[in-house]
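Visitor: I am new to reading structures, and I would like a close look at a single part rather than a quick tour of everything. Could you take me through one helix and its surroundings, slowly and with the reasons spelled out?

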Amino acid sequence: MTEQDPWTTPPTDSANTRGTAPQYGAPPASLGEAQVPPAHFGSPVSTQKDWMGVTALVLSLATLLTGVTWIGGIIFGHLGLAAAKRGEASNRSMALAGALIGWVFGGLAILAVLGLILLFTTASVSYTSLSSRG
């Protein structure tokens with residue numbers, strides 16, 4: 001038994017010696033075909049309209065101080081989501097957070113206004129019924 005050197009090249013397969021390419025890998029492109037570079041993971045995303053997501057989040061959170069900027073947060077949030085879908089923005093999560101926070105604060109604002117209306121109408125009804133007794 002002969003001892004083989006582990007660093008030597010293994011013997012070639014007789015099937016590949018007939019001039020055919022091995023069965024692994026991509027076949028070589030012919031001269032008539034255009035060679036296309038390999039596809040990368042995802043397409044490049046522009047950051048041209050990232051300001052919309054940032055604006056949406058800032059306006060939605062500024063509702064705590066102003067009370068009315070949730071409207072702008074909703075608008076810019078949806079614009080930022082559309083821009084991210086088209087590939088013009090890379091901060092979809094920030095635009096989504098701005099839109100959702102804007103909708104939550106908008107719902108709370110509407111409930112607060114309805115509560116105040118209900119409070120004042122019941123208070124005026126109670127006042128008129130008390131004044132009519134006396």
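Guide: Let us begin with a definition: the expected span of a helix is 1.5 Å times one less than its number of residues. With that in hand, we can turn to helix H3, which covers residues 70–86; it has 17 residues, and from its first C-alpha to its last it reaches 24 Å, close to the 24 Å expected. Please keep in mind throughout that this is a predicted model.

To place H3 in its setting, the chain has four helices and zero strands, and along the sequence these follow the pattern α-α-α-α. Of the 134 residues of the chain, 18% count as buried, and several such residues belong to H3. Buried in this helix are Trp70, Gly72, Gly73, Ile74, Gly77, Gly80, Leu81, Ala83 and Ala84.

One of these, Gly73, leads us to a residue in another helix, since Gly73 is among the contacts of Ser60, and Ser60 has its place in helix H1. Because buried means under 20% relative accessible area, Ser60, at 0% relative accessibility, counts as buried. If its neighbours within four places in sequence are left aside, Ser60 is in contact with Thr69, Gly73, Gly98, Ile101, Gly102 and Phe105. With Gly102 there is also a polar approach, in which a polar atom of the Ser60 side chain lies 3.4 Å from the backbone nitrogen of Gly102.

Now let us follow H3 to its end. Just after the helix, Gly87 takes a positive phi of about 90°, and around this point we come to charged side chains. Side chains of opposite charge can pair when their charged atoms come close. How many salt bridges does the model contain? The count comes to two, and both can be described here.

In one of them, the side chains of Arg86 and Glu88 meet at 3.0 Å, N to O. In the other, the side chain of Glu88 meets that of Lys49 at 3.2 Å, again taken from N to O. This pair of Lys49 and Glu88 links distant parts of the chain, 39 residues apart: Lys49 is in the segment before helix H1 (50–61), whereas Glu88 is in the loop between H3 and helix H4 (92–133). Taken together, Lys49, Arg86 and Glu88 are linked in a network of salt bridges.

Are the members of this network buried or exposed? Arg86 has 52% relative accessibility, so it counts as exposed, while Lys49, at 24%, counts as partly exposed, and Glu88, with a relative accessible area of 22%, is partly exposed as well.

For a contrast with this charged network, look across to a nonpolar surface patch of about 670 Å², which is made by Val104, Leu108, Ile110, Leu111, Val113, Leu114 and Ile117. Leu111 is found in helix H4, and because its relative accessible area is 57%, Leu111 is exposed.

Finally, two values describe the chain as a whole. Its accessible surface comes to about 10900 Å², of which 68% belongs to carbon and sulfur atoms. Among the contacts in the chain with a separation of 6 or more, 66% are accounted for by residues 24 or more positions apart.

How values were computed. Residues numbered from 1 in each chain as written. Predicted model: local features only at pLDDT ≥ 70, side-chain atom pairs only at ≥ 80, totals over all residues. Heavy atoms only, no water. Helix = DSSP H or I, 4+ residues; strand = E, 2+ residues; numbered from the N terminus. Buried < 20%, exposed > 50% of the residue type's maximum accessible area, 1.4 Å probe, protein only. Salt bridge = Lys/Arg side-chain N within 4 Å of Asp/Glu carboxyl O. Patch = residues over 30% accessible without salt bridge, like charges linked within 9 Å, V, L, I, M, F, W, Y side chains within 5 Å. Areas by Shrake-Rupley, 256 points an atom, 1.4 Å probe, with all protein chains shown as cover. Contact = heavy atoms within 4.5 Å. Polar contact = N/O pair within 3.5 Å; in protein donor to acceptor, adjacent residues only side chain to side chain.
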